[in-house]
Amino acid sequence: MTFVVFEAEPEATEVPRQWWAKAEPFRGLGPDRRCEVDAAAVARFEARLRDIDEHVQAVLNKRGTDPRLAELGRAYLASPEDATPQEAAVIGLILLWSVFHDFGAELADYLVSKHDSAFAAATMVAMSELSLGDPRRPGMTWSSWVGELSIWREPTSSTGYLTQAAMRRMRALLAAAPQAEYDATRARLATMRTGAWPANLASTFLLPTEQDWLASDLAMLSGSARSAPQEIAVTRLLACVRTPDQADAVIAMIRPSQISFRPELIHSLGVQLGLDSPGVLVRVYRRVAEAKPRRRVVTMLQQLDIQEALTALLDLQGGPYILPAILDVAARTPRRALWVFGVRNDSELFRDHIRRHPEVARAAAECVLPQQMGEVLNAELATLTRSNVAPEELVPELLRTPPWLRPKSKPQVVTGLEPPAELLREWYSYPSLDPGLVRLASPHMLRLAMRALERRTLRATAFEWFRIHHEFAVPLLIPTAVGKPGRDRKDAGNALRVLVEIGFRDEIVATATEYGGPALSAVRAVLDTDLSTVLPARVPSLPEWLALTTLPPIVLAESTHSLPLPAVGTVITMAMLSQPGVPYSPLAQVKSLCEPASLAAAMWEVHEQWRRAGAHTRDAWVWEALGGLGDDSTVQQLLDLIRADSADARAVSALDALVAIGSDAALLALKTVSEKVKTSRVREGARDRVTAIAEGLGLSPDQLADRLVPDLGLRPDGTTLLDFGPRQFVVALDEQLRATVRTLDGTPRATLPKPSASDDPDLAAAAATAFRKLKKNAVALGADQITRLERAMLTGRRFSLDELRTLFIDHPLRRTLTRRIVWAVYDGDALRTAFRVAEDSTFADLSDNELHLPATAAIGVAHPLELGAATPGWTSLFADYELLQPFPQLARAVYTAPELAGASTITKFLGVEVESTRILGLPRRGWDRPDAEDGGRYYYFTKPLPADNTFVLTVTPIMHAGFPTDPLVRTIESAGLQSRTSRPPTFADLGPITTSEILRDLTWLSDIR
């Protein structure tokens, strides 16, 4: 019997060459790196020296300066040629602070050119033992004038920062120095290693080849407490270590932020440790918190072509950037990845890799493998054989021969057309079409608007620009739209079709007529172009991260056959040809040719693969795939995605996908996001989209939302029957739209019972599933419906009698809520008649007499301020009928404050201490919390009010998103009205109900009674 041994790709024998350019130079390691004294840098340095004598003298003469150091500095100035490194160090440190701290590297070149490498290196070591600063302001104070500084012995943090560039340049020069020069430098620095840590650590950094120096330094530092300046010097030792143990010893001595400040040290670890670096790089990743050094570690592990690097990436799974890096490595070395995934028993990655690389998996199946790995591999391979794949003759023609494979017709070309000269004047030049520039018109702005149509974030702005400037744009677009084929013609034709979409077709035709018959014919052809034929010069290839074999099968409509993989690839290519906000037109036909649920499932898996690969914006066409081919299951997935991380930039793109899906569920999801999501950018983006859709239908956003409420499968009386076979149960909703259960004889049950032996198991299982779904959906919808009814009361929203009946009384889900609140007929703002909706759907007044309302009645939810003295009577009546209210209406606290009539601020609450937990509860009362600012901070909340007004509340100290309840108590700093369009309104402008509600919220917040 022959055994075949599994062989992975050959491993690298050295680290990637590009690492060396990013690491600190290390003499004797890696490729030769030439480094010579930069004569131009020396000249620049000397030119600046003439201007700083006054600054140097000021420091030397300062009272706080060590007199011995002052003498050393003066000695160097008197005779630089005969100076010692200690004398040069005093002047060098002053120069670095005064004018050269941004040009530290040039100091190294200057010293080597005027003396030699040994002298320059000794000067660097001597500088490490000094400090320069302002004694009145301890610490690093870059803003101090040099005349306020003193110099003394004993280094501080400023020493490390000041000398960093000069030390790195000196090390680079020494790494490339002739051997004799290097030996002389080593001998000189050896005499300066007297046991003090500054000189020892500086000399080790400059000459990392002296590994005995490093060992001595690590032994000296072991177990000792480290000051901040010492920690900076210790961090440099990462550029000297040669073993993982040495690296771990240094890393343990420093704070993670020190590595973040010196990202080049991460590459130094890589080149110095070589193929032994993955373990240390993993520990660095886990120690640091900042994104940049973490990403550098991930990139290095991704580039290192050995098994240990891939294993290290797997150890870091869950962090950002990790999965895309793993997938990249797996694509480049599929055999190695198959082995590593399988041996580690990482089932998700292993199965995904088998589906992505079936040929590698089939070859591996012929080899000797660990038992569990072999079992999983063979089981997964068995699933790759797609059953019931459609034969070629059943594949729709659109997918067998897509538009880009068909012969292209020649466009009508008309040249020599000249637009009116007065339109060609350039007045404005800007880099992009910012929303604030939509009022400006020029040929340059027209070009920006055409390009903006291709950008998701600017498309709406471009539409607005064309709507405003159509008379300017059309005469300029026509000559280009019918001119020579190319990018400009394509963009101009797209812009003309956008203008048709806005409503200016007649204007375009009329203008084209003025250009002559040929132009008119060509323009008509452009406007009537089959958009499936509007293609880029090169049809895009499928992205590397996409694995067609892992997608759920796409099933043909009215068939059990699934599309073959080439046809699936054609569907994906069509999605890739979409423009932001505009799915490629044949996708609508694809949706009719295929079973919608299977298309939606496949597109969501495309989204998930894109997300796992890093969700690069170049592949943002995925949103068009979801929008053009998604269904209501996609709506729920998008809503979950937005809720999970609304701060993610992709959340706004998900809104566009919901708009493109366009179903009632999608619009309802948009309305939910517009009211519930915390991130203001996403919340306001959803509001804008809901408003635009509603306006297109001639409705307000609330009217649109009313028409989207699902009935959840309830019967007209608001109940549903769940059938267990021998037993049946009636489910209804209470005042909070929570599901309640009763038997057929009316006996209440705590919940739906479990099936008994006598029940039909299939019916009982289906009933239990329906009950769980009803409960979940009713809870989600209930809170929204209750909130919107309460908001209708607060904003004075009015309904017609027909709306009251069709949207509330006759709606199975809302009818329960409708019967539990007090309604009223209004004449303008004045309440005329209050009433309730009785059990039989008639109307009854406070005396319980039937009330007949005119068809023209304006109806609203009554506020207790409007009910006035009648409130106790209504409260008693509802108690008699045991009607529990879905939100506080009759029991609502009301407030009047005539003294606020002419005011815009409320001073009563200023300085009042409030609990941080209550502040966090304001959004549940209709307030908006702003997005966290830099560092996760925020300090104010706003309450949206009618007429584009807001009430703004600020607190102190500032709140932090990471620990918002620290401290437990804060103080109200300000509380007042603001307007986005005019001067701040007064409370008299708001009306008594809005004023009462603001006072009610502030009273609750401050717990003042």
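**Figure 1. Helices α26 and α27 cross in this predicted model.** The two helices, α26 and α27, are roughly perpendicular to each other, because a crossing angle from 65 to 115 degrees counts as such. Their axes cross at roughly 95° and come within 5 Å. On the α26 side, the contact is made by Trp465, Phe466, Arg467 and Ile468. These meet His470, Phe472, Ala473 and Leu477 in α27. Sorted by class, the residues of this contact are six nonpolar, one polar and one charged.

**Figure 2. Helix α27 and its surroundings.** Helix α27 spans residues 470-481, and 10 of its 12 residues are buried, so the helix is largely enclosed by the rest of the structure. The buried residues are His470, Phe472, Ala473, Val474, Pro475, Leu476, Leu477, Ile478, Pro479 and Ala481. They pack against five helices: α25 (443-452), α26 (459-468), α28 (487-502), α29 (505-514) and α30 (517-527). Among the buried residues, His470, Phe472, Ala473 and Leu477 are also the ones that meet α26 in Figure 1.

**Figure 3. The largest nonpolar core, with Met170 and Leu206.** This core has 121 residues, and Met170 and Leu206 are the ones with the most contacts inside it. Helix α5, residues 85-100, gives the most to the core, with nine residues. Leaving aside residues up to four places away in sequence, Met170 touches Ala108, Val112, Ser117, Ala120, Ala121, Met124 and Leu206. A second core, separate from this one, has 102 residues, including Leu399, Ala651, Ala694 and Phe887. In soluble globular proteins, nonpolar side chains tend to be buried together.

**Figure 4. The hairpin of strands β13 and β14.** Strand β13 covers residues 937-945 and strand β14 covers residues 949-960. The strands run antiparallel and are joined by eight bridges. One bridge pairs Pro944 with Thr950 in β14. Three residues lie between the strands of the hairpin, where Ala947 takes a positive phi near 60°.

**Figure 5. Gln258 in helix α14.** Helix α14 consists of residues 256-261 and contains Gln258. The relative accessibility of Gln258 is 5%, so this residue counts as buried, the cut-off being under 20%. Apart from residues up to four places away in sequence, Gln258 touches Glu231, Ile232 and Thr235.

Technical notes:
Residues numbered from 1 in each chain as written. Predicted model: local features only at pLDDT ≥ 70, side-chain atom pairs only at ≥ 80, totals over all residues. Heavy atoms only, no water. Buried < 20%, exposed > 50% of the residue type's maximum accessible area, 1.4 Å probe, protein only. Helix = DSSP H or I, 4+ residues; strand = E, 2+ residues; numbered from the N terminus. Contact = heavy atoms within 4.5 Å. Pairing = 2+ DSSP bridges. Axes fitted to C-alpha atoms, helices over the stretch in contact; angles between N-to-C directions. Parallel < 35°, antiparallel > 145°, perpendicular 65-115°, else oblique. Nonpolar A, V, L, I, M, F, W, Y, C, P; charged D, E, K, R; others polar. Core = buried A, V, L, I, M, F, W, Y, C linked by side-chain atoms within 4.5 Å.
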